[in-house]
Amino acid sequence: MYFYMPTKIYCESNCVRNHAKDLSTLGKKALIVTGRRSSKENGSLADIQDTLSKEGISYEIFDRIEENPSIETVMEARDFGNESGADFVIGIGGGSPLDAAKAISLMMKQIDKTEDYLYEKGSDDAYPVVSVPTTCGTGSEATPYAILTIHRKRTKSSISHRIFPVLALCDPNYLKNLPPSVLASTSIDALGHFMESYINNNATFYSKMLCKEGMHLWSSVKDVLLGKPACDADYESLLNASTLAGMAITHTGTSLPHGLSYYPTYETGVPHGKAVGSFLPAYLRAAKNYQSEILSLLNFPDTDAFTSYVNQVLGSVMISDDLKKAAVNGMLSNQGKLANCPFPVDEDVMWGMFE
Ligand SMILES: [Fe+2]
């Protein structure tokens, strides 16, 4: 049995301001990594800026992280960070800025390395990373993963290095600004993390414990994704569920739905959580030995009710036949994802994931 979670995690209202002292010990100058808009609108960037200023920590902001960040953006931010003299990195936003912050901190420290180092074996030595999530799906605040877009391969993949944030400051108030479609898509991503971690050859007593508690928590607020008005406690539950799911996949990895999702996300731009969610009903149907337990944890009477719920939350995802063929062939040679899946997967099973 093995469990490793080195990230100090706080989840509460006014989290950033409450834990200013934890931030102030990490370095002399911060590189803040974020996207163009949302962190300015939901108050998270202002909270970090005010807190750093009060603690006497200077900072620079790189706010050009795009959705599904590319290697090129990471390298641009690495140069910006090093030129500014930053010695720790704060990622603010959804999975894209949080993942990018890890890769940027690695490359800032590995100053003599080119972008190839992201996908080579070697030291994981990086500057300290702080995560401030403003969505509730990625779980990146509690994982060592950093998924980047590799344009020359036309897909996404996690870097070869494991970079855990040293500190995660999770304030559920930041979720209140999310458009309903983003709240839904990211929350379904968290559900995917739970299901793919639970239905997984690497699952352990500890990872299953996280999934069981997390799916129970997620299920208690799942009607919010169908439009039920959310209260403060609901946002906190969705954020806690997302973080628990991150801890779970840290120990198991993900499986078929995530592996398949990268194809439509890259080629058609469909959001990550929506792409993952479109494969979850088929994954549950294929995982016959796990069905009743998962349905019970999520409080659905049967697989049809689960399928109907996911479809209602996400709508449909259109995938062309050519893209399906590319995804099936790609996944059949993706030994990492196949090894995680606890039931035999052949070409028929893979095509069945699109039904
Ligand atoms: Fe995901």
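Two helices count as roughly antiparallel when the angle between them is over 145 degrees. In this predicted model, helix α8 (residues 205–220) packs with helix α9 (residues 232–252) at about 155°, so the pair is roughly antiparallel. Their axes lie 9 Å apart, and the crossing of α8 past α9 is left-handed.

What do the two helices bring to this contact? On the α8 side, the residues are S207, L210, C211, G214, L217 and W218. From α9 come S237, N240, A241, L244, M247, A248, H251 and T252. Sorted by character, eight of the contact residues are nonpolar and six are polar, with no charged ones in the mix.

Helix α8 turns up again in the surroundings of another helix, α12 (residues 291–298). Here the buried residues are I294, L295, L297 and L298. These four sit on the same side of α12, because the arc they cover around the axis is only 160°. As for their partners, the buried residues of α12 pack against α8 and also against α7 (180–198), α11 (272–286) and α13 (303–314). Turn to the other side of α12, and S292 and S296 are exposed. Just after the helix comes N299, with a positive phi near 60°.

Methods: Residues numbered from 1 in each chain as written. Predicted model: local features only at pLDDT ≥ 70, side-chain atom pairs only at ≥ 80, totals over all residues. Heavy atoms only, no water. Axes fitted to C-alpha atoms, helices over the stretch in contact; angles between N-to-C directions. Parallel < 35°, antiparallel > 145°, perpendicular 65-115°, else oblique. Left-handed = near helix turned anticlockwise from the far one by under 90°. Contact = heavy atoms within 4.5 Å. Nonpolar A, V, L, I, M, F, W, Y, C, P; charged D, E, K, R; others polar. Buried < 20%, exposed > 50% of the residue type's maximum accessible area, 1.4 Å probe, protein only. Arc of directions from axis to C-beta.
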